[in-house]
Amino acid sequence: MVGKRLPSIQTMRALEAAVRLRCFTTAAAELALSQGAVSQHIRALEQRLGHSLFVRTATGVEPNAVSQALALQVRQGLTVLDRAFDQMPRGSDHRRAAAGRERLVISTLPAFATKWLMPRLDDFTRLHPEIELEIETSATLARLDASDGIDAAIRYGGGAWPGTTAEHLMDEVVFPVASPDYRGGNLPVLPTDLADCVLLRQSVQPWTPWFQAAGLDLVEPQDGVLFSDTLLAVQAALAGRGIFLARRSIVEDELRSGRLVRLWTHEIVDVHAHYLVWPTSSNRLAAIGKLRSWLLDEVTRWLADLATR
């Protein structure tokens, strides 16, 4: 919106770096600022938004769901600005460097991009500096027919989409989690206790399959807010608003930090899984192949790390 006063570029860069690096001091070093300056940028942004963006810990800071979602959008915006200036005529050496990179646009869900993909993207950039990766986040299924400019997509679904090739990346495990402060710390002890709890509802993640796997005679909850945005459901769980039926890839950081706790060992493998999908007739197969190999390696490392915990 023209005329709307936005935060400064330095503030947005401070947010993006602090979320990505999970440390104000390291972010300050990258941006050639003082640690105090980064803290001031973050505080000003929190006051502007009316939301806290980080959880301060003894070892540093942990970005919450709000800051991670915002940082993803800021990173995309900064990329657009960088590209705009790259395309301006400067010097022959600069133009050759920009022209030598191949742009690859992929689409994925906001929650998966924020919670699983974004923390790993620096590794892809390091391994493949010749590819400029652009992430489009949307809950709408990319058409992948050249009309939307999307080259490939990371989709969560059944794995069969006409006119495309789909590479299975990983299955998804689902289980209930809650804030340790839910009901003042009075967490449910047994799965049957869920009958007396607030169950956060998601349009894409019904409770019934988990109920059945846990042997519970409960019906799908019908009361309360229905979340279509998984990141908002995570935020509601963190705020102690109810029990959240979580995908493992989405709540990894929150479980590790203790901001969410897993309630029981009962879990299900979801009927849907994560796939890398691209048009069968794509002319971008070389770049997509590099992304495919990197994603499969990252998934293998992540699952191996989970197995050791």
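**A friendly note on this predicted model**

1. Let's start with charge. The protein has 33 positive and 35 negative charges, and the mean positions of these two groups lie 6 Å apart.

2. Please keep in mind that this is a predicted model. The average pLDDT of the protein is 86, and 91% of the residues reach at least 70. Residues 89–98 deserve some care: pLDDT stays under 50 there, and the model gives this stretch five contacts beyond four places in sequence. Where pLDDT is low, the predicted coordinates should not be read in detail.

3. Now for the overall fold. You will find 11 helices and 11 strands in the protein. Its radius of gyration is 21 Å, close to the 19 Å that the globule rule gives for 309 residues, so the protein is as compact as a globular protein of that length. Along the principal axes, the C-alpha atoms fill a box of roughly 70 × 50 × 40 Å.

4. A word on packing and surface. Of the 309 residues, 45% count as buried. Looking at contacts between residues at least 6 apart in sequence, 74% join residues at least 24 apart. The accessible surface comes to about 15,800 Å², and carbon and sulfur atoms account for 54% of that surface.

5. Finally, one residue to look up in the structure: Gln 73, which sits in helix α4, residues 65–86. Its relative accessible area is 42%; because this value lies between the 20% and 50% cut-offs, Gln 73 is partly exposed. Thr 114 is 41 residues away along the chain, and the C-alpha atoms of Gln 73 and Thr 114 are separated by 9.6 Å.

Conventions
Residues are numbered from 1 along each chain as its sequence is written. This is a predicted model: local features need pLDDT of at least 70, side-chain atom pairs count only at pLDDT 80 or more; totals for chains, interfaces and linings use all residues. Side-chain values use heavy atoms; hydrogens and water are left out. pLDDT is the predictor's confidence in each residue, from 0 to 100. Contact means heavy atoms within 4.5 Å. Helices (H or I, at least four residues) and strands (E, at least two) are DSSP runs, numbered from the N terminus. Buried means under 20% relative accessible area, exposed over 50%, partly exposed in between (1.4 Å probe, protein chains only). The radius of gyration is taken over C-alpha atoms; the globule rule is 2.2 Å times the number of residues to the power 0.38. Accessible areas come from the Shrake-Rupley method with a 1.4 Å probe; for residues, only the protein chains shown count as cover. Lys and Arg count as positive and Asp and Glu as negative; His and the chain ends are not counted. The place of a charge is taken as NZ of Lys, CZ of Arg, CG of Asp or CD of Glu.
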